[in-house]
Amino acid sequence: MLQRVAVLTACALALSPAALAAHGKVGTWEATIQSTGMAAMPDMSKLPPAVQAQMKARGVHMNAGGMTTKFCMTPEQVKNDKPDLSHHGACEAQNMKMTGNSFRADMACKGEVKMKGHVEITFDTPEHYRGHTVMTMLVDGRPTTRESNMEARWLSPTCTVKPLP
């Protein structure tokens, strides 16, 4: 159960890079996410091979305290003036608001593990952003809150990983 929660939490955190589209540069980005309450984040080598392959294709690396992921922003995503968070399956962003260089949204994830939370991102420059998320869920019947801090930086104008859908 904890492994499943850790993987789902990581997936929910991946909502945040997609929110960058209108504020970043075309090319490869790297986001580092450090979280409290994620000590149960599994070693990628212990995940099923299909899950490992999917995460590697997305440039994801997990460790005990969080994850690092690389992602690609296409020209179409960058020129779009609104974040497209529709491709995240069980998670949905609500109450999205852009104010100056800040993005805020509430998140709700349905499915086997239900989570609710809030994300805030500040875009320092077109090549850097930082953010904070708070997610609440039930783990073994007890409410659990996980907070995460994220930081992302632009790496290159060439996409070296598969673009987000």
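Student: In β7, which residue is the bridge partner of E120?

Tutor: A bridge partner is read across from one strand to its neighbour, and in this predicted model the residue in β7 that partners E120 is H132. That bridge belongs to a larger pairing, since β6 and β7 run antiparallel and are joined over 10 bridges, while a hairpin of two residues leads from β6 to β7.

Student: Before we go on, what is the overall order of helices and strands along the sequence?

Tutor: The order is α-α-β-α-β-β-α-β-β-β-β-β, which comes to four helices and eight strands. Of the 165 residues, 44% count as buried, and the exposed surface of the protein amounts to about 8500 Å², with 55% of it supplied by carbon and sulfur atoms. As for contacts between residues at least 6 apart in sequence, 60% of them join residues at least 24 apart.

Student: Which strands pair with β1, and in what sense?

Tutor: Strand pairing is read from the bridges between two strands, and β1 has such bridges to two partners. With β3 the strand runs antiparallel over eight bridges, and G27 stands opposite M73 in that pairing. With β8, residues 142-156, β1 is again antiparallel over eight bridges, and here T28 stands opposite S156.

Student: How many of the nine residues of β1 are buried?

Tutor: Seven of the nine are buried, so that β1 is mostly covered. As general background, the side chains of a regular strand alternate between the two faces of the sheet. A case worth looking at in β1, which spans residues 27-35, is E30.

Student: Is E30 buried or exposed, and why?

Tutor: The cut-off for buried is under 20% relative accessible area, and E30 counts as buried because its relative accessibility is 17%. Leaving aside its neighbours within four places in sequence, E30 is in contact with T68, T69, K70, E151, A152, R153 and L155.

Student: How many aromatic pairs does the model contain, and how should I read their geometry?

Tutor: There are three aromatic pairs. A pair is described by the distance between ring centres and the angle between planes, and planes under 30 degrees apart count as stacked. The rings of W29 and F71 are therefore a stacked pair, with centres 6.4 Å apart and planes at 15°. W29 lies in strand β1 and F71 in strand β3, residues 66-73, so this pair ties together parts that are 42 residues apart in sequence. Both rings belong to covered residues, because W29 has a relative accessible area of 1% and F71 has a relative accessibility of 3%.

Student: What kind of pair do F123 and Y129 form?

Tutor: F123 and Y129 form a tilted pair, at 6.2 Å centre to centre and with 50° between the planes. F123 and Y129 are both buried, and ring pairs link W29, F71, F123 and Y129 into a cluster.

Student: Which residue lies over the face of W154?

Tutor: A charge over a ring is read from its position relative to the ring centre and the ring normal. In this model K25 lies over the face of W154, at 3.9 Å from the ring centre.

Student: Which residues touch the most other members of the largest nonpolar core?

Tutor: A core can be read through its best-connected members, and in this core of 29 residues W29, V119 and Y129 touch the most other members. The elements that give two or more residues to the core are β1, β2 (60-63), β3, β4 (91-99), β5 (102-109), β6 (115-125), β7 (128-139) and β8.

Student: How many bridges join β5 and β6, and which residue in their hairpin takes a positive phi?

Tutor: Eight bridges join β5 and β6, which pair in the antiparallel sense, and one of the matched positions is F103, whose bridge partner in β6 is I121. The hairpin has five residues between the strands, and within this hairpin G111 takes a positive phi near 120°.

Student: Finally, how far apart in space are A93 and K116?

Tutor: Separation in sequence and separation in space are read independently. A93 and K116 are 23 residues apart in sequence, and their C-alpha atoms are 9.9 Å apart. A93 has its place in strand β4, and A93 counts as buried because its relative accessibility is 16%.

How values were computed: Residues are numbered from 1 along each chain as its sequence is written. This is a predicted model: local features need pLDDT of at least 70, side-chain atom pairs count only at pLDDT 80 or more; totals for chains, interfaces and linings use all residues. Side-chain values use heavy atoms; hydrogens and water are left out. Buried means under 20% relative accessible area, exposed over 50%, partly exposed in between (1.4 Å probe, protein chains only). Contact means heavy atoms within 4.5 Å. Accessible areas come from the Shrake-Rupley method with a 1.4 Å probe; for residues, only the protein chains shown count as cover. Rings of Phe, Tyr and Trp (its six-membered ring) pair if their centres lie within 6.5 Å; planes under 30 degrees apart count as stacked, over 60 as edge-to-face and the rest as tilted. A charge sits over a ring if NZ of Lys or CZ of Arg is within 6 Å of the ring centre and within 35 degrees of the ring normal. Two strands pair if DSSP finds at least two bridges between them. A nonpolar core is a set of buried Ala, Val, Leu, Ile, Met, Phe, Trp, Tyr and Cys residues joined through side-chain atoms within 4.5 Å.
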